Amino acid sequence: MKLYEYQAKEILCKHKIKVPHGVVVTDTETIAEAYGNFEDKKCVIKAQVHAGGRGKGGGIKIARTAEEAKRFTSEMIGSRLITPQTGNKGIKVKKILVEEALDIKKELYLAISIDRSTFTPIIMCSTEGGMEIEEVASKSPGKITKERIDPIMGIYGFQARKIAHDLGLTGQLLVEAAQFIANLYEVFLVNDCSLLEINPLVLTSKEEIVALDVKMDIDDNALFRHKEFLQMRDFSEDDATEGKATESGLSYIGLEGNIGCLVNGAGLAMATMDIIKFYGGMPANFLDVGGDAPVERVTTAFELIFSDQKVKGVLVNIFGGIMKCDIVAEGIIQAVRKVGIHVPLVVRLEGTNVRVAKKILDNSELNMIVAESMRDAAEKIVRAVNDKE
């Protein structure tokens, strides 16, 4: 789950991390009042979208007068912001963060993520903060230093000081930065973040360390511990199909292929996509209906698959353990009759009540192809889709 910048900054403030003073607006009528809150009559107008690269896309502008602030806000709200991370369609801007403009002395980079190779949190920093951090990572990776954190013991004082030193800070600033880093790690930990990125982390002319921009992602698997985030979630920027899947308790990710997949279990879903590729096909989605999906959820899964116009065939691959094969069979029949399937459908069932399930499918008299194994299923769906084309 992604948070908007202003939401992430509200969380940072609770942990004594300094951020610029800002106000969120949703229309041009309130911009004058927001602009009047700043002592220095200069502010930054920042589009609130779940994507980076806003500066390059025109989503961050500096206003020096109330008129400029109103004009920039009017231009942004309701427009579609296109950045390197949004694709050509862009994202519609609904909210604007109006912030005080700071006198920046130095831009730095600081982020915390998860190192998948060691299963530990990792803190990354660089003295080359700003919009070109991706280029720095690509061309000069040595300018980005990393510090792995023990997930049990947490961050040690010497680690925080080392990171502050790597950022080029000394004296009192190093001490303050070390505390800033410790506080940031606490935010990452208690909120179950998968990513917490400060870019840029700035040193102002007043010798203050400030989180100027924040990107904060929450691990979806931990949302049951954070009911407050469910109230903050905005599905409008998500893919409509993926949003519906989440609401229905399904794990769905759209891909570029033309063979829809309906599978129970993330591991089996990955293996199903792999074997489709192995036999020359292209999966259209990752879709895990879960281990105990009722008939209604299976029906919804089919509806999601066929919302993708690229789908030219469907492979159902179910291993019945907790989820019984006869329930899946009933769901398949109900979905076919409700949705109407006009493309090849291959079904491979194995496990609990598989014999009952096969009888149910046979008695349905629906047009589908039954497979005996994953290999058989993959070969049949790829062949069926190719023959149809």
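Biologist: Hi! How far apart are Arg 375 and Glu 379 in helix H13?
Modeller: They sit four residues apart in helix H13 (residues 374-388), so about one helical turn separates them. Helices are DSSP runs of H or I with at least four residues, strands are E runs of at least two, and both are numbered from the N terminus. This is a predicted model, where local features need pLDDT of at least 70, side-chain atom pairs need 80 or more, and totals for chains, interfaces and linings use all residues. Residues count from 1 along each chain as its sequence is written, and side-chain values use heavy atoms, without hydrogens or water.

Biologist: What do Arg 375 and Glu 379 form?
Modeller: Arg 375 and Glu 379 form a salt bridge, with their closest N and O atoms 4.0 Å apart. That term needs a Lys or Arg side-chain nitrogen within 4 Å of an Asp or Glu carboxyl oxygen.

Biologist: Is Arg 375 buried or exposed?
Modeller: Arg 375 is exposed at 52% relative accessibility, while Glu 379 is partly exposed at 26%. Buried is under 20%, exposed over 50%, partly exposed in between (1.4 Å probe, protein chains only).

Biologist: Which residues do shared salt bridges join into one network?
Modeller: Glu 5, Lys 9, Lys 46, Arg 54, Glu 99 and Asp 213.

Biologist: New topic: how many salt bridges are there?
Modeller: The count is 19. One of them pairs Asp 115 with Arg 148, at 2.7 Å between the closest N and O atoms. Asp 115 lies in strand E8 (residues 104-115) and Arg 148 in strand E10, so this pair ties together parts 33 residues apart in sequence.

Biologist: And how accessible is Asp 115?
Modeller: Asp 115 is buried at 10% relative accessible area, whereas Arg 148 is partly exposed at 43%.
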